[in-house]
Structure formats: structure tokens, C-alpha cells
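Subject: Structure handover

Hello,

Here is the structure for you to look through. My notes come after it.

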Number of protein chains: 2
Amino acid sequence: MAGPITPQRLASLFRPRSVALVGASDKSNFSAVTYRNLVEFGHADRTYLVNRRGAETHGRPTVTSCAAIGEPVDVAFMMVPQAGTLDALSDAAAAGIRNAVVLSAGYGEAGEAGRAAQAELVAHAESLDMVLLGPNQLGFANFVHRTPVTPIPGLPHESGPVALLSQSGASSSAMLDFAGVAGADLSYMVTLGNEAMVTAGHVLDYLVDDEHTRAIAIFLETVRDPAVFRAAARRAAAAGKPIVALKAGSSELAARTAAAHTGALVGDDRTVDAVFRDLGVIRVDSIEDMLITAGTAARLGRLARPGIGVVSISGGACDILADRADDLGAELPAFAPATVQALDAIMPSYGTVHNPLDVTGAAIIDPTLFTRAIEAVSADPGVGVVAVVNSLPWMSDGRPYSGQVFADAIGDGMQNAAGPVVYVNQVLQPITAYTREVMARARVPHVIPGLRQAVVALHNLAWWSDATRDAVSGTPQAATPQAATSQPGTPVAVPEASARRGAWSETAARALLTEAGIPVVPGEAATSARQAAKAAAGFGGPVAMKVVSPDVLHKSDIGGVRLGVTGDEAVAAAYDEITTAASNVPGTRVEGVLVSPLRSGGTELLVGVVRDPDWGPVLAVALGGVFVEVLGDSALSPLPVSPVRARALLESLRGAALLHGVRGTPPADLDALAEVVARVGDLALALGDDLESLEINPLHVSGSTIEALDAVITWRNA
Amino acid sequence: MAGPITPQRLASLFRPRSVALVGASDKSNFSAVTYRNLVEFGHADRTYLVNRRGAETHGRPTVTSCAAIGEPVDVAFMMVPQAGTLDALSDAAAAGIRNAVVLSAGYGEAGEAGRAAQAELVAHAESLDMVLLGPNQLGFANFVHRTPVTPIPGLPHESGPVALLSQSGASSSAMLDFAGVAGADLSYMVTLGNEAMVTAGHVLDYLVDDEHTRAIAIFLETVRDPAVFRAAARRAAAAGKPIVALKAGSSELAARTAAAHTGALVGDDRTVDAVFRDLGVIRVDSIEDMLITAGTAARLGRLARPGIGVVSISGGACDILADRADDLGAELPAFAPATVQALDAIMPSYGTVHNPLDVTGAAIIDPTLFTRAIEAVSADPGVGVVAVVNSLPWMSDGRPYSGQVFADAIGDGMQNAAGPVVYVNQVLQPITAYTREVMARARVPHVIPGLRQAVVALHNLAWWSDATRDAVSGTPQAATPQAATSQPGTPVAVPEASARRGAWSETAARALLTEAGIPVVPGEAATSARQAAKAAAGFGGPVAMKVVSPDVLHKSDIGGVRLGVTGDEAVAAAYDEITTAASNVPGTRVEGVLVSPLRSGGTELLVGVVRDPDWGPVLAVALGGVFVEVLGDSALSPLPVSPVRARALLESLRGAALLHGVRGTPPADLDALAEVVARVGDLALALGDDLESLEINPLHVSGSTIEALDAVITWRNA
């Protein structure tokens with residue numbers, strides 16, 4: 001193609017002045033609904049119908065080719081069968097049309113032949129300098145400029161701040177329905193299909209620049225272009241636009257095969273999870289939470305702090321909210337003394353002043369209790385957003401809404417509040433035109449339907465607000481990999497190409513770690529029993545002995561490891577046993593035995609880096625022993641990892657209490673440990689793309705004494 | 001009161017022929033709406049208004065007292081202020097009214113004075129032989145017999161199979177709203193208030209006998225009468241009526257104080273969780289899941305097996321369903337070969353036959369693909385219910401519903417299916433009258449709105465179906481505590497009353513365990529260093545030595561424990577050190593030192609029983625070491641616990657893999673272990689109500705060798 005797919009380039013696709021429906025036919029329901037949508041949104045006079053036989057279609061005259069339109073057209077909406085698509089593209093290009101939206105299925109999703117057809121389609125579009133959305137999708141709708149180019153019926157006529165992207169065409173209609181139910185008004189709806197040319201990342205990038213879009217909801221089954229997605233997500237974070245992703249595939253059990261244990265910890269989905277966390281992409285687990293979270297994020301924007309202050313007239317609702325906040329880790333901070341004082345002054349004597357706040361039935365007599373409570377809670381220094389729980393109607397019963405006075409009182413509180421306030425309905429019910437009337441009268445701009453939904457949305461927004469705060473101020477949360485490798489303090493001489501192959505011996509790995517400033521337990525490579533005994537005597541106390549061989553990856557499996565050996569005789573005997581055992585394994589070159597002082601007590605960790613084919617090097621930390629073996633307790637992050645991030649990873653382990661010192665172990669020096677973990681990541685980055693995996697297992701921690709006891713380095717080339 | 005609150009007695013409350021509104025007033029919104037509800041439901045001519053001054057109210061004449069009504073009345077709905085309630089009760093009783101529903105707040109929920117007023121209220125009602133619902137609630141509605149006795153507006157006019165109970169009046173209106181949204185048609189709605197006389201358990205009991213009610217949704221903040229609740233829940237299980245509870249308080253951090261470690265594991269909420277599981281009560285965490293699960297359970301009834309077969313036209317929906325099933329542990333079984341064969345015959349070549357099944361776009365061309373796929377999947381031997389994912393409309397766009405043909409094809413599949421089939425809408429949207437029209441045309445009786453909701457509801461129903469299957473066939477899942485104490489094989493001489501006090505010494509505890517058939521590590525109580533050495537020599541190998549004293553509960557805290565002592569001299573020295581250390585603690589009588597062989601390797605568990613004030617003795621099992629100390633990994637159950645149940649508890653531990661043998665430990669004999677755990681529970685039951693706690697910590701397990709290494713027994717009396 002002539003140029004990259006920039007937001008500027010996509011503007012003519014997503015904001016077309018005119019559209020050609022290629023393959024328009026009365027027999028096609030797709031054609032009929034797409035045309036009807038364009039007409040209903042006032043686009044009739046800028047829509048051209050192209051029908052091969054020139055037959056009147058949808059009650060309008062047609063042309064037989066794009067070239068015959070005679071007016072400039074921005075988008076060709078291709079409803080022709082796969083066999084005719086290439087010719088139709090040529091026809092459109094000849095007419096000066098630079099964008100095609102291709103509906104047909106049977107491409108990349110349909111086996112070998114389909115993939116070949118898709119490659120041909122892309123090559124053809126590129127040769128014509130055309131941008132292509134699809135194939136195998138259901139178009140898009142630009143609600144801001146009222147341009148629906150999609151056969152999905154029942155499109156909303158309101159527009160709003162949420163963009164909806166979906167890789168699933170079949171589910172996008174349901175998502176649109178729910179956006180309507182939840183009152184998440186849309187700026188754009190884009191079905192992505194096979195993303196043969198325009199990928200999710202490109203559309204994200206376009207939306208970052210779109211002034212109408214404040215948040216983006218996206219349903220993904222796979223991330224097709226990780227680099228573009230990553231760059232767009234970073235731009236979105238910097239622009240303060242949350243991305244809320246429903247990413248399918250969390251149940252996938254496929255784990256990456258790798259030489260090191262780390263491989264088993266790093267599944268595709270866990271890597272995506274870690275990458276999304278790194279990028280500030282919110283991950284949800286239902287269509288409902290995706291759209292409610294995106295709608296709430298678009299309305300509220302960034303929260304100054306994560307605390308949620310709750311004001312409700314139902315004690316039951318308070319309890320449910322508090323329980324779900326506890327489940328999800330959302331913060332309901334205790335009120336500050338000044339807040340308590342202010343609330344004490346307005347609450348009835350039988351009420352209890354705490355967060356969540358039950359304003360009690362006294363608010364039925366005096367609804368301004370709501371107003372005043374909202375004002376007080378919004379001023380609390382620990383509260384980032386006030387959630388006011390009440391009800392709203394969704395159908396009129398023919399009488400004036402009896403609860404209007406309460407909605408009004410809450411609306412008044414919102415006007416006077418010191419910070420953001422959001423209305424929460426106790427249950428998930430539709431935000432209908434009638435609901436909006438009640439809200440408009442009360443000057444309530446937004447409502448979250450449902451208690452659980454509210455906790456999910458506000459917790460997600462609070463997390464995003466913190467996770468991307470630095471991105472906005474211009475300091476990226478994490479430096480780019482390229483930048484990190486050149487950071488001072490860890491200059492590493494990357495081994496020459498001939499050495500970057502296979503699995504390295506422990507001796508080689510130890511040397512590399514040491515050079516990179518990663519502490520390694522002392523060790524002497526002995527080449528005789530006598531030398532081993534001498535080394536052990538030098539260390540004093542029991543020693544660990546391990547075979548040195550470039551051919552043995554799992555030393556203990558072949559009898560190549562002895563731990564806790566004490567005394568000259570025992571050490572000498574162990575030397576002989578180890579070397580004999582290893583020599584008995586065919587093809588094993590035995591170079592000697594590594595003797596190290598035995599470390600006991602303290603805590604053992606695994607720190608490893610493996611390469612993800614999509615996302616590059618990923619670091620894993622895990623607690624050794626039962627935690628990792630029985631519970632798979634580990635934490636991941638893409639590289640680079642700063643010491644601060646490394647510490648957060650360590651603290652996120654389920655068994656983190658072990659590092660804080662339980663059962664008689666001294667507390668680990670977490671700052672020092674985080675520093676070492678970050679350095680392992682930096683080293684892996686510095687070693688470049690040939691590195692397959694780098695794993696320290698165990699990394700022994702006892703207070704501030706941190707030492708790698710064993711390490712494995714493997715390279716991609718055999 | 002004259003008699004117990006039986007279902008028969010409650011019939012005149014919940015199915016009243018006539019109602020008196022006592023304290024009717026035009027000034028009261030409660031009065032106006034309650035009256036309006038009765039009129040709207042056709043109850044006007046059986047509603048009497050009682051107004052102290054006899055003023056015309058709600059456009060109708062009134063009487064000044066119940067006695068003046070002159071017709072038999074079943075229920076007095078009391079809207080009078082607290083001060084007038086006792087007199088109003090007397091008046092109602094004098095008129096022969098046997099049931100009162102009391103709205104007023106300011107009773108048990110309002111401090112000391114309120115509690116006194118509530119006690120007086122109950123005593124007065126009892127003296128009048130009246131049954132009293134409330135106080136501090138919002139009445140009830142019997143939708144089956146169209147008798148709403150409640151000031152809640154907007155009541156549904158359809159009736160159905162779900163009863164809704166709520167301790168929260170303020171949230172019950174929202175719950176009613178959502179029942180409407182979700183299409184969970186109600187038989188009854190009962191607000192419970194303070195449950196001064198009629199408690200949740202009584203109402204449950206009434207509903208078990210109600211032929212119209214097939215499932216019960218209940219919002220609880222506390223279980224006020226555990227014995228009645230428990231009995232009613234057991235009857236509901238036996239009657240095949242699921243109870244779906246949203247119980248607030250899961251975030252409560254209060255843990256019971258107890259002499260033993262077990263106390264820290266057994267919080268109020270974890271106990272409720274264990275009790276509900278034991279009773280087959282489904283627990284959910286949102287109002288939405290409560291009503292959707294109850295509605296689904298009421299329509300589908302018991303599932304023959306837990307497997308869910310999924311049929312969908314959206315691959316995205318399939319992915320989301322599979323992910324949520326994985327999260328929640330719901331089963332999506334692989335299809336049997338015959339099912340695969342049947343589906344292969346109807347699916348297009350590019351489709352993939354597995355569960356969840358994406359019928360592909362081919363179903364758009366030929367909707368009978370849905371019909372045939374449903375038939376095939378419903379016949380699969382692993383499938384207990386088929387979930388068909390599609391869409392339904394909730395608002396008409398003025399055109400005939402374009403998806404009717406698909407709904408019809410699904411309805412056809414339901415008619416022909418070999419087992420239960422449920423329609424699932426992709427998102428949570430209201431089931432409106434229009435939705436019901438579409439469903440009726442397609443002969444679809446029920447729909448679950450939302451993918452996540454569907455997985456939650458079907459997983460809950462599957463769990464309930466299994467958990468209560470035996471209850472129906474007449475074999476209670478667990479015997480009653482009374483029955484269990486007399487079970488053969490564990491006859492225990494309960495210590496006499498004078499001995500049932502304080503904390504027992506290890507020696508006494510060991511004797512009791514041994515008598516009860518619980519294996520205990522061998523031990524000799526030595527009273528001299530020489531005797532200790534002799535004992536150790538007799539056991540051979542290293543020994544564990546522990547002080548014997550009735551005054552020391554935590555022996556290691558005072559230097560009273562030595563582990564791994566080897567050799568005559570060392571044992572003798574340890575004897576002296578232990579006795580000296582213990583003697584130095586003031587008030588400690590030292591009776592000697594217990595010498596036992598040291599057990600190492602294998603796995604250590606904690607098995608304990610503590611008494612819950614509400615629910616009686618609760619058994620906890622936990623894995624020793626980091627699992628319980630760092631992760632709080634434990635499982636609870638009320639007693640008695642059968643060996644089958646004990647095994648399920650062990651298997652439910654997060655670290656259960658340790659028992660299956662990892663890291664070189666031999667697999668535990670789980671049947672033998674479960675037998676010992678069950679016996680600990682039986683012993684605790686047999687010891688009766690004076691027992692405070694009984695704890696074995698650790699219980700050492702190595703293969704089929706199971707031994708209590710230490711035990712503590714404490715009694716409620718000091």
C-alpha cells in the first residue's frame with residue numbers, strides 16, 4: 001500500500017461524505033437493512049446503489065458500476081460474493097473510491113483456501129491504494145455524523161461518548177442493544193471482522209484522535225497486530241481515554257512450551273492480562289460490564305483518588321455494595337473526622353455515620369438529607385467519587401413519578417458536590433426515554449444500573465485512573481524496551497552471535513548474571529574430588545554440589561546435584577558420585593562440579609523471562625515450593641519492569657505474606673529484591689531477540705541477602 | 001402464643017379473604033398506595049378502612065375501629081404510630097382478626113428502647129393469639145390470589161412460580177422491578193422486617209407447602225431463627241424447591257474468638273456459607289443473579305446431570321460462555337461420539353463440532369439448523385440442559401420482528417428435545433410484553449437474559465440439583481445431629497460434668513481421642529529424665545518431647561516443646577530443660593514430659609470443631625503450614641460430617657494437590673483420612689453442648705498412616 005493506516009487516512013473511511021452500496025439487491029436482507037439505515041439517518045441523497053444489472057433496487061434507480069456514479073464517493077460497501085470482490089474493488093478504485101468495507105465471509109477464518117483468498121484480497125487492495133475494513137464483518141456506524149454503513153438493524157439515534165468495537169459481528173447487535181439498555185450512548189460502532197488490513201489497533205488509534213469519543217469498549221477474541229494495538233493503547237492512555245476490553249479466551253489452557261519452568265506459568269491469556277495491565281487497558285468479563293464501565297468512564301473521566309463514598313437510603317443496598325467492594329478490592333474508605341462531623345450534624349440520631357452511608361428513612365420526610373449528605377461525602381479527602389444509590393423508573397405507570405423529589409434532591413447534591421458523583425440504580429434495568437426524562441428534570445447526567453455493576457465500573461475506573469495517571473503527564477508508565485536496554489548501571493556485553501545458541505551451562509549463566517550486577521551465590525568449579533573438598537572447606541559449613549556440563553539442563557534428574565554435603569570425605573565422595581552419574585548419561589560432557597555454600601532458611605523465588613511471540617519478553621516472579629507447584633502462584637509483566645513495578649508484582653503474589661516474614665523467616669528486603677528482579681528483566685532485554693528464556697530458580701532471599709542459586713539461559717537458535 | 005407458626009396458621013395471613021387498613025389516612029402515602037394496590041387487584045370490596053376519626057378516606061367511608069367493621073377480617077394492616085399499636089392490636093383481636101402486619105419502625109432496629117418496645121409488642125400479640133408480621137417492613141403481596149397488602153407501588157399483575165422474600169423493605173421495590181425486567185414472575189413478595197414473630201424460616205416453610213411456588217429468592221442480612229430456617233430449608237430441599245439466597249455480610253471481618261486456631265478460620269459468614277451448602281441453599285452475590293437463578297430454577301426444575309450443552313449462532317458468545325463456565329466451574333462437557341456424529345451430519349463443512357457449538361451463519365440461510373442442533377445436543381448423555389444463545393427484542397420498531405424465524409426454530413427444537421432447553425439472550429435486557437409475544441409465538445416459555453447470568457443460573461441449578469438429590473428420595477443428605485451421636489462404632493463415654501470444664505491437658509485429650517477410635521501417635525508420659533530416655537530408646541529414632549501440664553495450652557510458647565531429639569543424653573537433657581522452662585512460668589503445674597516418635601515427611605492437617613452460637617458445632621479442615629497460615633486455606637461444614645462429605649471438604653482445599661502427593665510426598669489415603677475427619681466430628685457431637693472446641697493440630701498423614709500428633713479440648717465452663 002502507498003501509506004500507513006493513520007488516523008488521518010481512516011477519516012475518509014469512518015466519516016464518509018458518500019457511500020456506494022456495491023451489490024445492492026432487493027433479494028438481500030443485508031442490502032435492504034443497510035440502505036434503510038442510511039436513509040433513516042438522513043443519508044439517502046449521498047448513498048449510491050450499484051447493481052450489476054442496473055435493476056431498480058429498494059425503490060431506487062441503480063448504476064451498474066462505481067465508475068458510473070459520476071460523483072465522488074468515499075466508501076464502497078461490498079456485498080458482492082467472494083468471487084466478484086476483486087473486480088468490484090478494481091471498479092471502485094477506478095471510480096476514485098479509496099475505502100472498501102467487505103462483508104463476505106470465507107476468507108481467513110475458512111481454512112487454507114480462505115487464507116489464500118484473503119492474502120490475494122489484501123494484495124489487490126494495496127495495489128489499488130485502498131484501505132479495506134473486513135472481510136467477514138458487518139460494517140460500522142458513525143453515530144456522531146449519522147453515517148451508518150452496516151446491515152445491523154435497530155441502531156440508536158442518540159450519539160454519545162462511547163466507541164464500541166467488536167471482532168464478533170454476530171454479537172455486535174446484542175452489544176448495541178445493551179448499550180441502549182445501559183444508556184451508554186455511542187460515538188462509533190465498528191465491527192472488525194478478520195482485520196485483513198485495518199486492525200483493532202488502527203481503529204483505536206483513530207478514536208484516540210476523535211474528539212467525540214471519551215472511552216472505548218472493545219470485544220476481542222485475539223489481538224491481531226500486537227505492535228499497533230500496543231502503540232494505540234499507549235496513546236489512548238496518554239489522551240485520557242479508557243479502553244475497556246472483553247477479551248475472550250481466558251479459559252484457554254494452552255501454556256507456552258519453553259525450556260524453563262517459567263513457560264508453564266506464562267499462558268497466552270495470562271500474558272494478555274499482564275500486557276493489558278501494563279497498558280492500562282481495563283479488562284472485564286461480560287458484555288454488560290464492558291459497556292457499563294465504558295459508559296461510566298466516558299462520563300466521569302479520571303478519578304483523583306480511588307475511594308468510593310456511598311450514600312443510600314437502603315441499608316440492604318449498602319450491605320450488598322460493601323460485600324462486592326470487598327470481593328473486588330474496591331476501596332470504601334472510612335470517612336475523615338471532618339466528614340463524620342458534617343454528617344453527624346445532618347443525620348438523624350438513630351442513624352450510623354460510616355461509609356457506606358445509609359441516610360435512613362429520614363430522607364423520605366426530608367429529601368434534602370440526600371443533597372447535604374452528597375455534599376459532605378464528596379468533600380471527604382479520601383473519596384474520589386460518590387455513588388448515590390437510589391431508584392429510577394423505566395416505564396411510566398401513567399402517574400407522575402413519585403420518586404422525582406428524591407432524584408431532584410440527588411441532582412441538587414451533584415450540582416453542589418466537591419467532586420464527581422454518580423447515580424446508581426439498585427438493579428440493572430433499562431435507561432429508557434422515560435428514565436432520561438426523570439434524569440433530565442433532576443439534572444442527573446448519568447446512571448449506573450445495578451449495585452454489582454456499579455462496584456465493577458467504579459473499581460475499574462479507579463484502577464485505570466491510577467494506572468495511567470503518569471501516562472498523561474507525559475512520563476510513560478514504563479519506558480519502551482529500546483530505551484530500557486540503554487539505561488545506566490547495567491552495561492552488559494551481549495554475547496557474540498556464535499555463543500547465542502542452545503542452553504548455556506550454569507557456569508556461563510552465572511558469569512553473565514554477575515556481570516549484569518545480579519548477585520549470585522559464591523561457587524567454585526572443581527575439576528577433582530580434592531579440589532572440591534578444598535573449595536568446601538574454604539566456604540565452611542555444608543555445601544551444595546552440582547555437575548558442570550553444557551549438556552545437562554535438569555541436573556537433579558540425572559543425579560547431578562547433592563545438597564548439604566559436609567566434610568572433606570563426604571565432599572570428595574559426592575564429587576565422584578556426581579561425575580560418575582553424569583558421565584553415565586550418553587553424550588554428556590562433564591566439566592567438573594560446582595561447589596557452593598548451602599543456603600537454607602529464608603524464602604526461595606523463581607524469577608524468569610520468556611519470549612511471547614506476540615508481546616515479546618515477559619517476566620514472571622513466583623514463590624518457590626508449594627506456592628508455585630501447587631497453586632501456580634505467580635505474577636507476570638511485559639518488559640521492561642521498573643523496581644517499583646517489580647515490587648508491585650511481588651506484593652501481588654498470594655503468598656506475599658511469606659516475604660513479609662511469617663513462620664520465623666526474616667522479612668525480605670523488598671526494595672532490594674525488587675531491584676534485583678528489575679535487573680533480571682533489564683538483562684533479558686539487553687540480551688536481545690535471540691534470547692529464548694532466562695530463569696533464576698531459585699533466587700534465595702533472606703532479609704537483604706539475595707542470591708541466585710541456580711540459573712538457566714536458553715537461546716532461540718539450537 | 002397459643003400455637004406454633006405453622007404453614008397452616010400462616011395461610012390466613014398470606015391468603016386473607018379480607019383486609020383492614022388500620023390508620024388509613026389521605027395524608028399517608030403508605031395508606032393511599034396500599035389501598036390503591038388492593039383496589040387495582042380487585043380487592044376493593046373486601047378492604048375495610050379504619051380511621052380513628054371516621055373521616056372519609058381515599059374517597060370511601062371509614063369505621064373508627066376494627067370492631068365496627070361487622071364482617072370477618074383476616075389481616076389488620078397497621079399503619080398507626082408506634083404509640084398506638086398495642087391498642088390497635090387489641091381492637092383488631094376484639095374484632096376476631098388473627099393476623100397483624102405492622103409497618104412502624106423504631107422497634108428492634110432502634111436501640112435499647114426499641115428492643116423493649118418490640119418485646120412488649122410480641123408479648124401483647126401472643127397474649128391475643130395473634131400472628132404478627134414485622135414490624136419495620138412494607139407488607140406482602142400474594143400475586144397468586146391477587147392480594148397485595150403493601151404500600152410498594154408498581155406491582156406486577158402477572159403471577160408466576162417465584163416467591164421473593166426480603167429483610168430489606170427499602171430494596172424490595174427494586175427487587176420487584178428487577179423481577180419484572182428478568183421475567184421472573186412472582187407468586188409472593190414478602191418483606192420480613194424485624195421478624196419479631198414470623199421469621200424468614202416460617203415464611204419459607206409456608207412456601208414449601210404452596211403449590212404455586214417452585215423456587216424462593218430471599219435477601220437476608222441475618223438469619224434470625226437458625227433452627228426454624230434450617231428445618232424449613234431441609235423441607236424445601238425435600239420438596240424440590242430451590243432457595244436462592246443473597247446473604248449480605250460476606251465482607252464482615254469479625255472472626256470468632258476461640259481458644260483454638262480453628263476459631264480464626266470460622267467467621268460468621270464462612271459458617272453461613274458452609275451451612276447453606278449443607279442445606280442446599282444456593283448463594284448468589286447480586287439481586288440480578290438471585291432473581292434470574294430463582295426464575296430459571298422455577299422453570300427448569302431439577303437437572304438430571306450438571307453438563308450444559310451450548311448452541312449459538314455467535315462464536316463470540318460461545319467464547320464468553322466458555323470463559324465464564326471456566327471461571328465458575330460450570331461443566332461444558334465434550335459431546336459424546338453419537339452427538340458428534342449427529343451434528344456432523346447437519347453442520348456445514350466449515351463448522352467445528354464441539355461444545356459450545358457455533359451453528360455458524362448457515363443457520364441464517366436454514367434456521368432449522370438450530371432445531372436439529374438442539375435435538376442432537378439435548379440427547380447427549382453428558383448434557384443436563386441445553387442453553388441456546390440467540391437474541392430477543394424488547395421493543396418493537398414498528399416492523400414485524402425479523403428474528404422471529406430463528407426464535408421459532410429454537411422453539412421447535414425445544415418441543416422435540418430429549419431434555420430441558422433454555423433460551424439465552426446474549427445480554428441482560430428486559431423481558432417485556434413484546435418479548436413475551438415473540439416468545440409465545442415461538443413456544444419458548446422462558447429466557448435467561450445475559451451470558452454471564454446464564455452460566456451463573458445454570459451452574460447454581462446444577463449444583464442444587466446434585467446437592468439436594470438425596471433429600472428428595474427421602475434419604476437426608478446428612479443425618480440430624482441427634483441421630484449421628486448414636487451411630488455405631490464410636491461409642492464414647494462422655495466425661496462427667498465436673499470434668500467438662502476448662503482446657504484439658506494433652507494427655508487427657510489423647511485418651512479421649514483414642515477411646516473414640518481416632519489414631520494418636522504413640523506416647524509415653526515420662527516423669528524423670530531417665531524415664532524419658534528409656535521411652536525414646538524404646539521408640540527408636542528421633543523423638544518429640546512436650547511438657548505435660550494442665551495449665552499450658554500453647555506449649556511451644558514457653559519452651560515446652562523439643563522436636564527431633566536423638567540419643568539418651570540429649571533426651572535426658574531435653575527433659576530437664578523442658579521441665580525447668582515450664583516450672584519457671586508461675587502457676588504451672590508440671591506433671592512430666594510426653595515422649596513420642598518424631599513424624600516427618602507426609603502432610604500435616606488441622607482438624608477442628610468449634611461451636612457457632614447460631615448454627616452449633618462447625619468442623620474445619622485445613623492444610624498445615626503456609627497453606628493455613630498464609631492463605632487461610634480451609635474448608636468448613638456444620639456437623640455431622642459423613643466420610644463422603646469429609647472427603648469432599650478435603651478435596652475442596654486449594655492445596656488439595658498436596659494430599660494427592662506432590663513434591664515427593666506419598667499420596668494420602670483419602671478414604672482413611674476422611675474416615676478419621678468424620679470421626680472427629682462425631683466425637684465432638686457426642687461430647688455434647690458443653691464442648692467449646694476440639695482441635696487436632698497437626699493431624700499427620702503419610703500414605704495410609706494417619707495420626708493425631710497433638711490435640712486440644714476446651715470446654716465452655718471455666
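Below are notes on the contact between the chains, the salt bridges and two single residues.

Please keep in mind that this is a predicted model.

Contact between the chains

Chain A and chain B each put 57 residues into the contact. About 4,800 Å² is buried between chain A and chain B, and carbon and sulfur atoms give 56% of that area. Twelve residue pairs, with both residues at pLDDT 80 or more, are in polar contact between chain A and chain B. On the side of chain A that touches chain B, at least two residues come from each of α2 (29-40), α5 (169-182), β11 (243-247), α10 (287-300), α11 (315-328), α17 (451-467) and α23 (626-631). Of these, α11(A) supplies the largest share, ten residues. Sorted by class, this side of chain A has 24 nonpolar, 16 polar and 17 charged residues.

How are the two copies related? A turn of 180 degrees, with a shift of 0.1 Å along the axis, lays chain A on chain B with an RMSD of 0.1 Å. The copies are therefore related as by a two-fold rotation axis. Both copies use the same surface, since 100% of the contact residues of chain A recur in chain B.

Salt bridges

Side chains of opposite charge can pair when their charged atoms come close. Over all chains, the structure holds 67 salt bridges. Between chain A and chain B the count is five. One case is B:Asp285 with A:Arg324, where the closest N and O atoms are 3.8 Å apart.

Three salt bridges within a chain:

- A:Asp74 pairs with A:Arg17, the closest N and O atoms being 2.9 Å apart. A:Asp74 is in the loop between β2 (47-50) and β3 (75-78) of chain A, and A:Arg17 is in the loop between α1 (7-14) and β1 (19-22) of chain A, so the pair ties together parts 57 residues apart in sequence. A:Asp74 counts as buried at 10% relative accessibility, whereas A:Arg17 counts as exposed at 55%.

- B:Arg611 pairs with B:Asp689, with 3.6 Å between the closest N and O atoms. This pair also links distant parts of the chain, 78 residues apart: B:Arg611 is in strand β22 (residues 603-612) of chain B, and B:Asp689 is in the loop between α25 (670-686) and β25 (691-702) of chain B. B:Arg611 is buried, with a relative accessible area of 18%, while B:Asp689 is exposed, with 54%.

- B:Arg679 pairs with B:Glu675, the closest N and O atoms lying 3.5 Å apart. These two residues are about one helical turn apart, because they are four residues apart in helix α25 of chain B. B:Arg679 is partly exposed at 23% relative accessibility, and B:Glu675 is partly exposed with a relative accessible area of 34%.

Through shared partners, salt bridges join A:Asp289, A:Arg324, A:Asp327, A:Arg452 and B:Asp285 into one network.

Two single residues

Is B:Thr47 buried or exposed? At 0% relative accessibility B:Thr47 is under the 20% cut-off, so B:Thr47 counts as buried. B:Thr47 is in strand β2 (residues 47-50) of chain B. Leaving aside residues up to four places away in sequence, B:Thr47 touches B:Val19, B:Leu21, B:Tyr35, B:Leu38 and B:Arg60.

A:Gly154 is in the loop between β7 (147-149) and β8 (162-166) of chain A. At 53% relative accessibility, A:Gly154 counts as exposed. A:Gly154 and A:Val33 are 121 residues apart along the chain, and their C-alpha atoms are separated by 9.5 Å.

Regards

Notes:
Residues numbered from 1 in each chain as written. Chains lettered and ligands numbered in written order. Predicted model: local features only at pLDDT ≥ 70, side-chain atom pairs only at ≥ 80, totals over all residues. Heavy atoms only, no water. Contact = heavy atoms within 4.5 Å. Buried area = accessible area lost by both parts, 1.4 Å probe. Salt bridge = Lys/Arg side-chain N within 4 Å of Asp/Glu carboxyl O. Polar contact = N/O pair within 3.5 Å; in protein donor to acceptor, adjacent residues only side chain to side chain. Nonpolar A, V, L, I, M, F, W, Y, C, P; charged D, E, K, R; others polar. Least-squares fit on C-alpha atoms with pLDDT ≥ 70 in both. Buried < 20%, exposed > 50% of the residue type's maximum accessible area, 1.4 Å probe, protein only.
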